[in-house]
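Welcome, and thanks for taking a look at this one with us. Here is a short tour of its sheet, its cysteines and its aromatic rings.

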Amino acid sequence: MSDALVDAVKARIRNVPDFPKPGIQFKDITPVLADARLFSDCVNWVAGQYAGEYVDQVIGMESRGFIFGAAVAPQLHAGFIPARKPGKLPWNKISETYDLEYGSNTLEIHEDAFKPGDKVVVVDDLLATGGTAAATVALCRKAGAEVLGCVFLVELGFLDGRSKLDVPVHSLVVY
Ligand code: AMP
C-alpha cells in the first residue's frame, strides 16, 4: 500500500525548475491535492503515523502545511494550530526567524496556542533544509508544548533537513 502510494505521489508531483529562484527545483504538490483519491490516501498516511497515539494538537505551517495539517487533525481527534507568516495573527504572539532553502522567513503562533504539556505533531508538505520545521518545533516548546514528531509528504533527503530536528521524522516520499 505504502509503496504504491509513494509511486503514485511521485508520478503526480510536478517538478518546476528555477522556481521561485534559479537553482531551486520546486516540488509542486497541487496535482496531488487535485486527485481526490490520492489526496485522501496521503491524508490517511500522514494521520496513520500517529494513529492510536494521544495527540492534543496538530500544527501546520503556512501555507501548504495548513492543507495537510487541517485535514489530518480531526482524524487524530486533535485540534489544529496554524503557524503563520508575520503580521497575520491578531493576538499576542511568539515568533521565530529561520533560514529557508530560498531566503529567510518568520513564523508566529499565538502565545496561548497550547496548554502546558500539550502533545503536538508538526505537519508540512515538504522538508527541505529543515529550518521551517525546526523553527516550528522551537515555537511549540516556547509555548510550553511537547513535540511528538514531524510528518511530511515529501523530504529532500540530500538537504539533510532531518539533522536539524531532534524529534522523530516521518516522510512518505524521499528524494
Ligand atoms: P525548509 O525550511 O528549507 O525545510 O523548507 C521547507 C518549507 O519551504 C516547506 O514549507 C515547503 O513547502 C517549502 N519548500 C522549500 N523548498 C521547497 C521545494 N524545493 N519545493 C517545494 N516547496 C519547498
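In this predicted model, five strands form an open sheet in the order β4-β3-β7-β8-β9, and their pairing is parallel. Strands β4 (79–83) and β9 (169–174) stand at the edges with a single partner strand each, so one side of each has no neighbour in the sheet. On average, neighbouring strands of this sheet are turned by 20° against each other, direction ignored.

Let us start at the β4 edge. Strand β3 (residues 57–61) runs parallel to β4 and is joined to β4 by five bridges. If you look for Met61, you will find that this residue stands opposite Ala83 in β4. Helix α4 (residues 64–72) lies across β3, β4, β7 (119–127) and β8 (146–155), and runs at about 135° to β7.

The same helix brings us to the aromatic residues. How many aromatic pairs does the count come to? The count comes to three, and two of these pairs are described here. In the first described, the ring centres of Phe19 and Phe26 lie 5.2 Å apart with the planes at 85°, so this pair is edge-to-face. For Phe66 and Phe80, the centres are 6.1 Å apart and the planes again stand at 85°, so this pair is edge-to-face too. The Phe66 and Phe80 pair links distant parts of the chain, with Phe66 in helix α4 and Phe80 in strand β4, 14 residues apart.

How accessible are these four side chains? The table gives the values.

| Residue | Relative accessible area | Class |
|---|---|---|
| Phe19 | 43% | partly exposed |
| Phe26 | 13% | buried |
| Phe66 | 21% | partly exposed |
| Phe80 | 26% | partly exposed |

Another ring to visit is that of Tyr175, where lysines come into play. Lys27 lies over the face of Tyr175, at 3.9 Å from the ring centre. The charged end of Lys10 also sits over the Tyr175 ring, 6.0 Å from its centre.

Finally, the cysteines. How many disulfides are counted here? The count is zero. Cys140 is in no disulfide, and the nearest cysteine sulfur, that of Cys150, is 8.4 Å away. A disulfide calls for two cysteine sulfur atoms within 2.5 Å, so the 8.4 Å between the sulfurs of Cys140 and Cys150 does not qualify. Cys140 is buried, with a relative accessible area of 0%, and Cys150 also counts as buried, at 0% relative accessibility.

Note on methods:
Residues numbered from 1 in each chain as written. Predicted model: local features only at pLDDT ≥ 70, side-chain atom pairs only at ≥ 80, totals over all residues. Heavy atoms only, no water. Pairing = 2+ DSSP bridges. Helix = DSSP H or I, 4+ residues; strand = E, 2+ residues; numbered from the N terminus. Axes fitted to C-alpha atoms, helices over the stretch in contact; angles between N-to-C directions. Contact = heavy atoms within 4.5 Å. Buried < 20%, exposed > 50% of the residue type's maximum accessible area, 1.4 Å probe, protein only. Phe/Tyr/Trp six-rings, centres within 6.5 Å; stacked < 30°, edge-to-face > 60°. Lys NZ or Arg CZ within 6 Å of the ring centre and 35° of its normal.
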